[in-house]
Amino acid sequence: MSDKTKPNNSMLNDAGTRALIFQVLLLSVVVFVGYFLFTNLQNNLDNRGISTGFAFFNEPAGFPILMHLIEYTDSGTYGRAFAVALINTFVISMLGIVLATVIGVIVGLARLSNNWLVARLATVYVETLRNLPLLLQMFFWYFAVLAALPAPRDSYEFGDFLLNKRGIYSPNPSFQDGFGLVVMGFILSIFAAMALVVWAKKRQTRTGLWFPAYWSSLGLIIGITFLAFAIAGFPLEFDLPQKSRFNVTGGMVLPPEFVAVLVALATYTGAFIAEIVRAGILSVNWGQTEAARSLGLRDNLTQRLIVLPQALRVIIPPLTSQYLNLAKNSSLGAAIAYPELVSVVMGTTLNQTGQAIETIGLCMLVYGSLSLTISMFMNWYNKKMSLIER
Amino acid sequence: MKSNVGKLLSTAAIAATISAGATAATLDDVKAKGFVQCGVSQGVPGFSNADVNGEWSGIDVDACRATAAAIFGDAQKVKFTPLSAKERFTALQSGEIDLLARNTTWTYTRDASLGLDFTAVNFYDGQGFMVRKDLGIDSAKDLDGATVCTEQGTTTELNMADFFRKNQLSYVPVVVQKADEALSAYASGRCDVFTTDKSGLASHRTKLANPDQHVILDDTISKEPLGPVVRHGDNQWKDIVTWALFVQVNAEEMGISSKNVDQIKSGTTDPGIKRLLGVEGDMGAQLGLPAEWAYNIIAKVGNYGEVFERNVGPSTPVGLPRGINKLWTDGGVMYAPPVR
């Protein structure tokens with residue numbers, strides 16, 4: 001034709017258009033495969049007469065749960081049971097992360113100690129704990145805890161606290177009228193303390209004068225809260241634990257399953273964190289310490305102001321994976337009766353409703369979101385701590 | 001961990017298999033591969049338990065063997081898949097196993113909503129409680145405030161909740177993933193009570209250090225008819241599994257056992273027995289089985305009474321009385337439709 005001689009500049013030869021076409025093609029293949037798998041699944045379930053959907057969430061669950069931090073009776077719904085399990089998973093993960101970090105930092109520093117015995121003990125701890133499977137350790141702690149404690153009738157008593165095979169029993173606070181004032185006082189005091197810390201920091205930048213902000217804000221929180229408590233007329237009563245025929249009734253109880261899972265998770269992950277902390281500190285050039293000393297900084301200030309901030313940059317990224325591992329490992333608690341997500345949802349709920357795909361999908365969603373949240377927080381923290389280049 | 005992986009895999013398998021599974025003839029598949037894949041427990045003595053040589057035995061194992069004997073004339077052509085309580089239905093739904101014989105209670109919800117069919121009852125059971133003798137308890141009504149250990153993924157959990165609610169008793173549940181660990185928790189004193197089906201209590205009690213220090217309370221708080229389960233929709237396969245069991249019950253009723261079956265087969269003049277043992281006619285063909293299918297079951301596995309005595313009867317460590325599992329002619333509820 002007439003344009004035969006013209007250079008071929010049709011749309012198909014445009015790099016941008018071609019890239020777009022390929023992406024649209026790829027996307028439609030992905031969507032089609034997803035659609036096919038989904039409808040196929042639906043067909044198979046229908047053919048086998050397996051009911052689907054989340055309607056069961058509003059039905060009464062009919063089973064009690066060992067540990068619930070929100071109100072839950074055995075006539076609660078499956079949705080409620082899910083919430084209880086979610087909170088149990090969340091609580092064990094967060095407490096585990098805090099405790100593992102504390103253990104990790106202490107043991108990590110201990111491994112670098114000049115004290116021969118302390119350093120060796122820390123090494124033994126790390127090498128033992130991180131080389132044994134976590135599930136095994138969980139069973140060990142569970143059955144070790146159970147074996148070490150007395151039966152309810154022969155409980156150890158510490159004042160109003162009781163300790164036996166069934167858990168740690170403490171007085172249960174019941175809030176009377178006027179407790180709202182105490183809560184308000186507490187919140188108020190936290191804001192006051194935050195303001196104090198900000199003021200102290202600004203003043204130090206401006207004048208170089210140091211103010212013991214942390215100690216005084218702690219005093220502020222305790223003081224204001226207690227004052228509110230006194231003004232409201234001490235609106236708090238305690239329900240004391242009492243020994244009964246089988247168990248202890250009344251009071252609050254921390255079941256041994258909780259303790260075993262927490263200890264297992266914290267000590268196991270703590271061993272890994274110890275190594276990360278040690279590596280982080282060793283990564284800071286010795287010259288930094290020497291420079292700090294030659295400026296006349298004391299040893300603990302050298303550590304706190306010079307070494308640790310630089311070490312943190314190396315520590316945080318691998319620390320994030322340890323936190324993620326801990327959160328996911330909390331699912332092993334199901335093996336020793338800790339009522340977390342896997343136990344309550346993928347265990348009991350699945351067994352009673354038969355909704356395998358829904359319950360497992362839900363659990364995957366929860367662990368996914370939990371991990372992503374931890375990850376996002378740690379990335380934010382990492383950014384905050386990273387070297388600011390000018 | 002293992003159980004979760006297994007469940008995910010089998011869920012994925014449901015998602016991936018093309019919908020042929022539901023209508024495919026399990027019998028053809030089984031004949032093609034040459035054995036019956038049977039889902040059993042991870043170790044309940046008397047029901048399904050592997051010995052030190054990996055040899056399986058028990059009432060449920062014999063249900064699998066009877067099916068294999070009916071199809072192949074060889075009771076050994078069975079492969080076993082040990083399953084936890086929570087894995088069992090998914091494994092059957094996904095086609096990982098052909099037959100589930102894992103002391104599984106027949107309930108409405110399971111039959112109606114899981115895409116499964118219960119075949120027949122090979123053991124009539126009921127849930128009970130085991131406690132330490134020194135607690136001095138003799139009725140389940142005295143259990144107010146007790147801590148109760150149980151295995152996860154069973155009807156036990158629900159029955160227990162219903163029982164305590166009905167009687168307005170409070171209790172603390174300790175729900176452990178595997179029966180063995182639940183038993184360890186009970187043994188270590190974490191719980192006052194261990195609960196499961198009474199047959200299970202009897203068999204678990206044999207695993208405790210001092211079985212004599214524990215007592216099974218008389219109360220039975222539920223009906224637990226246990227039996228083999230198959231996938232919904234394959235009627236031929238369901239009939240085979242069902243009638244393999246019925247043949248054993250009928251054989252006991254007619255006085256035919258593995259010991260005298262050959263003698264009876266050659267000597268009998270009873271047309272009913274001749275039909276059953278395949279001497280006359282071809283009853284097996286109706287289910288796609290060899291003519292001697294019933295003879296093979298009785299000769300290779302035995303009648304129901306033999307199976308009971310061998311696995312859970314008073315002379316075994318489990319030591320269960322025959323109770324309501326006696327034949328209907330002896331005052332029990334074991335009753336099978338006639339083979340004719």
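The exercises below work through a predicted model with chains A and B, each with a stepwise solution.

**Exercise 1. Describe how helix α9 of chain B packs against α3 and against α13 of chain B, and state which residues make each contact.**

Solution. Two packed helices are described by the angle between their axes and the distance between the axes.

Step 1. For α3 (residues 59-72) and α9 (residues 235-254) of chain B, the angle is about 105° and the axes lie 9 Å apart. Angles of 65 to 115 degrees count as roughly perpendicular, and α3(B) is therefore roughly perpendicular to α9(B).

Step 2. On the side of α3(B) the contact is formed by B:Ala63, B:Ala66, B:Thr67 and B:Ala70, while α9(B) contributes B:Ile240, B:Val241, B:Ala244, B:Leu245 and B:Gln248. Sorted by character, the residues of this contact are seven nonpolar and two polar, with no charged residue.

Step 3. For α9(B) and α13 (residues 304-311) of chain B, the axes are 6 Å apart and make an angle of about 100°, so that these two helices are likewise roughly perpendicular to each other.

Step 4. Here B:Gln248, B:Val249 and B:Glu252 of α9(B) meet B:Tyr304, B:Gly305 and B:Val307 of α13(B), and this contact consists of three nonpolar residues, two polar residues and one charged residue. B:Gln248 is listed in the contact with α3(B) and also in the contact with α13(B).

**Exercise 2. Work out the strand order of the five-stranded sheet of chain B, and find which strands stand at its edges.**

Solution. Strands of a sheet pair through backbone hydrogen bonds, either parallel or antiparallel.

Step 1. The order in this open sheet is β10-β9-β11-β8-β12 of chain B, and the pairing is mixed.

Step 2. The edges are held by β10 and β12 (214-216) of chain B, and because each has a single partner strand, one side of each lacks a neighbour in the sheet.

Step 3. Within the sheet, β9(B) and β11 (residues 193-197) of chain B run parallel and are joined by two bridges, with B:Cys149 standing opposite B:Phe194 in β11(B).

Step 4. Helix α6(B) packs on the sheet, where α6(B) touches β8 (127-132), β9, β10 and β11 of chain B, and the direction of α6(B) makes about 155° with that of β9(B).

**Exercise 3. Carry out the corresponding analysis for the four-stranded sheet of chain A.**

Solution. Step 1. The strands of this open sheet follow the order β1-β2-β3-β8 of chain A, with antiparallel pairing. Since β1 (156-158) and β8 (252-254) of chain A each have a single partner strand, they stand at the edges and one side of each is without a neighbour in the sheet.

Step 2. Neighbouring strands are turned by 20° against each other on average, direction ignored.

Step 3. Three bridges connect β2 (residues 161-164) and β3 (residues 167-170) of chain A in the antiparallel sense, and A:Asn164 stands opposite A:Gly167 in β3(A).

**Exercise 4. Determine how many residues each chain gives to the contact between chains A and B, and which element gives the largest share on the side of chain B.**

Solution. Step 1. Chain B gives 42 residues and chain A gives 43 residues.

Step 2. On the side of chain B, the elements giving two or more residues include α1 (2-16), β9 (146-151), α6 (155-166) and β10 (171-176) of chain B. The largest share, six residues, comes from α1(B).

Step 3. By character, this side of chain B divides into 18 nonpolar, 17 polar and seven charged residues.

**Exercise 5. Compare the UniProt annotations and the domain division with the computed geometry.**

Solution. Step 1. In an unreviewed entry, UniProt lists residues 35-264 of chain B as "domain: Solute-binding protein family 3/N-terminal". In the model this span is 34% helix and 23% strand, and its end C-alpha atoms lie 29 Å apart.

Step 2. For chain A, UniProt lists "transmembrane region" in an unreviewed entry for several spans, among them residues 50-70 and 179-200. Residues 179-200 of chain A are 100% helix with end C-alpha atoms 32 Å apart, whereas residues 50-70 of chain A are 0% helix and 0% strand.

Step 3. Chain A is divided into domain 1 (78-167 + 254-385) and domain 2 (172-239), and the centres of these two domains, taken over C-alpha atoms, are separated by 29 Å.

Conventions. Residues numbered from 1 in each chain as written. Chains lettered and ligands numbered in written order. Predicted model: local features only at pLDDT ≥ 70, side-chain atom pairs only at ≥ 80, totals over all residues. UniProt positions renumbered as here; feature names shortened; annotations may be inferred. Domains from an automatic or database assignment. Axes fitted to C-alpha atoms, helices over the stretch in contact; angles between N-to-C directions. Parallel < 35°, antiparallel > 145°, perpendicular 65-115°, else oblique. Contact = placed C-beta atoms within 7 Å. Nonpolar A, V, L, I, M, F, W, Y, C, P; charged D, E, K, R; others polar. Pairing = 2+ DSSP bridges.
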